[in-house]
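Reader: Could you walk me through this complex, one question at a time?
Author: Gladly; let's look at it together.

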Amino acid sequence: MRILLLFVVAILLSIDMFLIFMWAPTEVHMGHVQRIFYIHVPSAWIAFLAFGLVFLGSIQYLRTREQKWDNFASASAELGVIFTTLVLVTGPIWAKPVWGIWWTWDVRLTTTLVLWLIYVSYLMVRSYSDNHYQASRYSAVLGIIGVINLPLVYFAVNWWNTQHQRLVLGIGSTEAGLDPDMRTTLYFSLLAFSSLFVWLLWFRVFLKKTEDMVRENTRLGTDQ
Amino acid sequence: MIMLMMPLNDIPYLFGFNIVILALFVGYILWVFGDVYGLPKLSKSPFVKISYLSLVPLVILICGLVILSWSNLENEGRGYVTLGEIGSDHRSDRDLNLRGDYVVGSLIEGSDGNSTVFEVTSDDITISVITSSDIPGRFYSGKCNVFLEGEFNSDNIFWSEELTCVPDDNLGYLLSAYGILWILLFGYMIFNSRKYRELRDILNSCTIVSDL
């Protein structure tokens, strides 16, 4: 089952690469560099999804104090850092040839940077605390408070005049102008990246369970 | 084979690059975390490891070569090219030309701005279509439908070729973005693999201690 999931992810990503490079049309004005879109948007989606899971895991942990929820939230946060970093790096790489600048203090870009900082703070709180249970509690609180930033990131392009492209999918979006083949490729990319995220999350939670086993064994050894 | 890929503006190479890296990524996961998946442990010999790591890309490369060979048919017939996906507001300032080192056949009807009919007489079916605009130094890109009719292995071959002749293709930026995707994913899996080895060693030593 585990190996099957890995191969499903690999196949979905292979098809996704085919769609991105060989099937999706080339954008008229931006040329090939527009194909960054197919990793930039799914990464942003995963960054949102991951923080949503951090939020849920944190609430559940504070309610139940079950370690599995803390593992779930912290694994999501790690992946959130990876995918938010990807958004923040691919964005400027795309912006340079299209806007002519690497970065601007636009609301969407700035709130995304804040999201990344919240993720990093979440992980730093965990790593700097000597007491594991205290670290879990503090980071859970941060995981709940930090979710306030999500609607700001998402709706920034609609609420303020920004240089960033307006929403092309989801609530409040206007899909006009997006080629049907591009939309299909984008949806497939979202599916492929989501499956990759699910696999990575499952794997990280598995490692965290192993870490708990080691901690438990070490504690028992110390007690004896 | 190379001739078939040449006029595609290097995008197929980027596709190939990403597929090979993806294969290496899956190979790395199976290699490092093989026991999680219940796979037999590999020999510690570097030769075996390298052979294993090169196996997945090799399989994909063979599949790619088979597909490319299959698509390189013995062709004879005629076809037409239609500028289908480019907005009508831009169409008027474009001319459709068949161009390139491996142009197939000869034009038998002139372009009316919307379609060009040509004759296929070569074994190669590579077609390079360029749309040019009246703005100096700037070529537009879009999607073009290519239809072939005649004696092919299938009755009607259809494929869409992406076109771009924009001088500043920015493929370097595109490569960088996808490269960073793989660097981050590999980095994360290397971080996990170190952690996993460390935990496995601790668990093994705990088992040994408890056995004593």
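Reader: What pattern does chain A follow when read along the sequence?
Author: This is a predicted model, and in it the secondary structure of chain A comes to seven helices and zero strands. Read from start to end, the pattern is therefore α-α-α-α-α-α-α.

Reader: And how many helices and strands does chain B have?
Author: The elements of chain B run α-α-α-β-α-β-β-β-β-β-α from the N terminus on. Counted by type, that comes to five helices and six strands.

Reader: Good to know. What is the mean pLDDT of each chain?
Author: Chain A has 92% of its residues at a pLDDT of at least 70, whereas in chain B 30% of the residues reach 70 or more. The averages are 87 for chain A and 57 for chain B.

Reader: Where in chain B is confidence lowest, and where is it highest, by element?
Author: Some stretches deserve caution: pLDDT stays under 50 over residues 1–9 of chain B and also over residues 70–168 of chain B. For that second stretch the model still has 180 contacts beyond four places in sequence. By element, the lowest mean, 34, belongs to helix H4 (residues 88–91) of chain B, and the highest, 85, to H5(B).

Reader: What ipTM does the predictor give the complex?
Author: Two scores come with the complex as a whole. The pTM is 0.71, and the ipTM is 0.91.

Reader: Then let's look at the interface. Which element gives the largest share of the side of chain B that touches chain A?
Author: In this model, 39 residues of chain B are in contact with 37 residues of chain A. On the chain B side, the elements that give two or more residues are helix H2 (11–32), strand E5 (142–151), strand E6 (156–163) and helix H5 (171–211). The largest share, 17 residues, comes from H5(B).

Reader: How many residues on that side are nonpolar, polar and charged?
Author: Sorting the side of chain B that touches chain A by class gives five charged and seven polar residues. The nonpolar ones number 27.

Reader: Which element gives the most to the largest nonpolar core?
Author: That core has 71 residues, and those touching the most other members include A:Ile36, A:Phe83 and B:Ala177. Elements of both chains give two or more residues to it: H1 (2–23), H2, H3, H4, H5 and H7 (180–223) of chain A, together with H2 and H5 of chain B. The top contributor, with 15 residues, is H2(A).

Reader: What is A:Ile36 in contact with, leaving aside its neighbours within four places in sequence?
Author: A:Ile36 is one of the core members that touch the most others. Its contacts are found in both chains: A:Thr90, A:Ile93, A:Trp94, B:Leu174 and B:Ala177.

Reader: Back to H2(A): how many of its residues are buried?
Author: H2(A) has the highest mean pLDDT among the elements of chain A, 95. The helix has 28 residues and reaches 40 Å from its first C-alpha to its last, close to the 40 Å expected. H2(A) is mostly covered, and the number of buried residues is 20.

Reader: What is the phi of the residue that follows H2(A)?
Author: The residue is A:Arg65, found in the loop between H2 and H3 of chain A. A:Arg65 counts as partly exposed because it has 13 other C-beta atoms within 10 Å. Although A:Arg65 is not a glycine, its phi is positive, about 60°.

Reader: How far apart are the end C-alpha atoms of helix H4 of chain A?
Author: Helix H4 (residues 107–128) of chain A has 22 residues, so at 1.5 Å a residue it should span 32 Å. The model agrees with that, with the end C-alpha atoms 31 Å apart.

Reader: What covers the buried residues of H4(A)?
Author: The buried residues of H4(A) include A:Leu109, A:Leu115, A:Ile118 and A:Tyr122. Among the elements that cover them are helices H2 (37–64), H3 (67–99), H5 (132–145) and H6 (149–159) of chain A.

Reader: Last one: is A:Thr210 buried or partly exposed?
Author: A:Thr210 lies in helix H7 of chain A, and it is 47 Å from A:Met30, C-alpha to C-alpha. A:Thr210 has 17 C-beta neighbours inside 10 Å, so it counts as partly exposed.

Terms used. Residues numbered from 1 in each chain as written. Chains lettered and ligands numbered in written order. Predicted model: local features only at pLDDT ≥ 70, side-chain atom pairs only at ≥ 80, totals over all residues. Contact = placed C-beta atoms within 7 Å. Helix = DSSP H or I, 4+ residues; strand = E, 2+ residues; numbered from the N terminus. Nonpolar A, V, L, I, M, F, W, Y, C, P; charged D, E, K, R; others polar. Expected span 1.5 Å × (residues − 1). Buried ≥ 20, exposed ≤ 12 C-beta atoms within 10 Å, placed from the backbone. Core = buried A, V, L, I, M, F, W, Y, C linked by C-beta atoms within 7 Å. pLDDT = per-residue confidence, 0-100.
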